[in-house]
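Got your viewer open? Grab the mouse, and let's take a walk through this one stop by stop.

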Amino acid sequence: MSGYLYRIQDAIRTHGLWVTALLTVAVFFGLFLFGDAPAVVDALGSLELWRIGAVFGLVTVSYGIRFLKWEYYLRTLRIDVPLKTSLLMFVSGLMMVITPGKAGEVWKAWFLRDEQGIPVNQTAPVVGAERVTDLLALAAFAFLGVVLYRQSSTTLIGVTVLFVGGVALLQWRSLCLRILTLCETIPLIGSYADEIREFYDSTYALFRPKQLGVAMVISLVAWGMEGVALWIVLNGFATDASILLALFVLGLGSVVGAASLLPGGLGAAEASMVGMLVFFEYSRAIAVSSTLVIRVGTLWYGAVLGTVVFASYRYVRDRNTLESS
């Protein structure tokens with residue numbers, strides 16, 4: 001594996017991870033104060049352990065389902081990667097969930113290049129398509145608030161329009177090809193014309209109606225698992241918790257977090273989720289406690305899992321290299 005890839009991973013682990021960890025401490029401390037710290041501690045202490053275990057279990061299932069989308073996209077582009085290697089790439093990429101909008105997961109494209117020799121411009125669109133369909137699925141859940149609870153969000157509408165418009169524009173192939181042709185005349189861009197066109201062709205293929213439909217179904221099921229996880233937590237505090245409300249709160253919080261461009265959506269996602277739960281007459285302590293549990297399960301669990309898997313792979317690989325030399 002190239003030293004460049006190691007430097008990226010080391011930068012995330014030594015800087016990005018710790019910066020996000022400090023930001024998490026600050027955000028969680030603020031939430032404790034908002035929810036009345038003793039009341040939050042009491043609420044968390046009363047939550048049955050099996051419910052916390054269910055959160056991690058459902059999030060793990062969600063990752064498994066999203067891996068199916070990753071594999072579907074690779075097969076759509078006829079990119080042949082051994083299943084074990086593909087799983088390693090996918091799980092390792094989870095350590096990048098701490099980046100703004102999870103954009104850092106594009107690192108998987110460089111990982112694939114170094115391990116399998118696959119050009120980045122072929123696989124980077126896969127990561128982009130993953131993120132777009134994830135966000136559209138979460139936006140669909142968030143729109144439950146518009147339909148069922150008569151709640152609206154300018155951020156939600158703006159982000160959805162932006163991404164849907166972008167997908168539609170990508171499918172206007174004649175216009176995109178015309179733009180690419182014009183770009184070829186620009187000195188600095190023209191030298192990369194073939195790579196840019198290949199990048200566009202891959203992106204175009206991934207957002208065709210059939211591929212978009214399949215990916216959206218997978219995304220809805222995967223993120224639905226995390227919505228169920230939030231519902232299980234809420235139901236531990238109030239027996240009349242609604243699963244539709246849980247999907248709405250998770251979806252809106254995730255979209256707001258992504259739009260904030262903060263690492264992991266920290267601060268923005270939590271504020272949105274707590275605010276909505278309080279609006280729907282949950283106590284501050286319950287709103288904060290539920291948000292803390294679900295954010296640990298959906299953000300830090302993935303970051304730690306991805307880091308451990310990649311670090312373990314790197315350790316085993318380096319040790320084998322030393323033994324064979």
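**Stop 1: salt bridges**

The count of salt bridges comes to nine, where a salt bridge is a side-chain nitrogen of Lys or Arg within 4 Å of a carboxyl oxygen of Asp or Glu. Before you click on, note that this is a predicted model, in which local features need pLDDT of at least 70 and side-chain atom pairs count only at pLDDT 80 or more, while totals for chains, interfaces and linings use all residues. Residues are numbered from 1 along each chain as its sequence is written, and side-chain values use heavy atoms, with hydrogens and water left out.

Select Asp134 and Lys69. They form a salt bridge, with the closest N and O atoms 2.7 Å apart. Asp134 is in helix H6 and Lys69 is in helix H3, so this pair ties together parts that are 65 residues apart in sequence. Helices here are DSSP runs (H or I, at least four residues), numbered from the N terminus, and strands would be runs of E with at least two residues.

Are these two buried or exposed? Asp134 counts as buried because its relative accessibility is 4%, and Lys69 is buried too, at 0%. The cut-offs: buried means under 20% relative accessible area, exposed means over 50%, and partly exposed is in between (1.4 Å probe, protein chains only). Now add Arg131 to your selection: Lys69, Arg131 and Asp134 are linked in a network of salt bridges.

Next, pick Lys108 and Glu130. Here the closest N and O atoms of the salt bridge are 2.9 Å apart. Lys108 sits in helix H5 (residues 107–116) and Glu130 in helix H6, so to speak two distant parts of the chain, 22 residues apart. Lys108 is buried at 0% relative accessibility, and Glu130 is buried at 2%.

For a contrast, try Arg113 and Asp114, whose side chains meet in a salt bridge at 3.2 Å, N to O. Arg113 is partly exposed at 31%, and Asp114 is partly exposed at 24%.

**Stop 2: along helix H3**

Colour residues 49–76, which make up helix H3. How far apart are its end C-alpha atoms? They are 41 Å apart, which agrees with the 40 Å that its 28 residues should span at 1.5 Å a residue. That expected span is 1.5 Å times one less than the number of residues in the helix. Following H3 comes Arg78, whose phi is positive, near 60°.

**Stop 3: Met89 and its neighbours**

Jump to Met89 in helix H4 (residues 83–92). Met89 is buried, with 0% relative accessibility. Show what surrounds Met89: leaving aside neighbours within four places in sequence, it is in contact (heavy atoms within 4.5 Å) with Trp70, Lys108, Phe111, Leu112 and Glu115. You met Lys108 earlier, in its salt bridge with Glu130. Also draw a line between the C-alpha atoms of Met89 and Ala109: they are separated by 8.7 Å, with their positions 20 residues apart along the chain.

**Stop 4: the core**

Which residues have the most contacts inside the largest nonpolar core? Select Trp70, Leu230, Val249 and Tyr282; that core has 88 residues. A nonpolar core is a set of buried Ala, Val, Leu, Ile, Met, Phe, Trp, Tyr and Cys residues joined through side-chain atoms within 4.5 Å.

Zoom in on Tyr282. Not counting residues up to four places away in sequence, Tyr282 touches Leu234, Ala238, Ala241, Ser242, Leu245 and Leu277. Then select Thr291, in helix H14 (residues 284–324). Thr291 is buried at 1%, and with the sequence neighbours up to four places away set aside, Thr291 touches Glu270, Met273, Val274 and Leu277.

**Stop 5: two loops**

Click Asp36, in the loop between helix H1 (3–35) and helix H2 (37–46). Asp36 is not a glycine, yet its phi is positive, near 70°. Asp36 counts as partly exposed, at 43%.

Now Glu281, in the loop between helix H13 (268–279) and H14. Glu281 also has a positive phi, about 70°, without being a glycine, and Glu281 is exposed at 75%.

**Last stop: a nonpolar patch**

Finish with Val146, Val147, Leu148, Ile243 and Leu244, which make a nonpolar surface patch of about 400 Å². Helix H6 (120–147) and helix H12 (243–260) each give two or more residues to the patch. Val147, in helix H6, is exposed at 64%. Patch residues have over 30% relative accessible area and no salt bridge; nonpolar side chains (Val, Leu, Ile, Met, Phe, Trp, Tyr) are joined within 5 Å, and like charges within 9 Å. Accessible areas come from the Shrake-Rupley method with a 1.4 Å probe, and for residues, only the protein chains shown count as cover.
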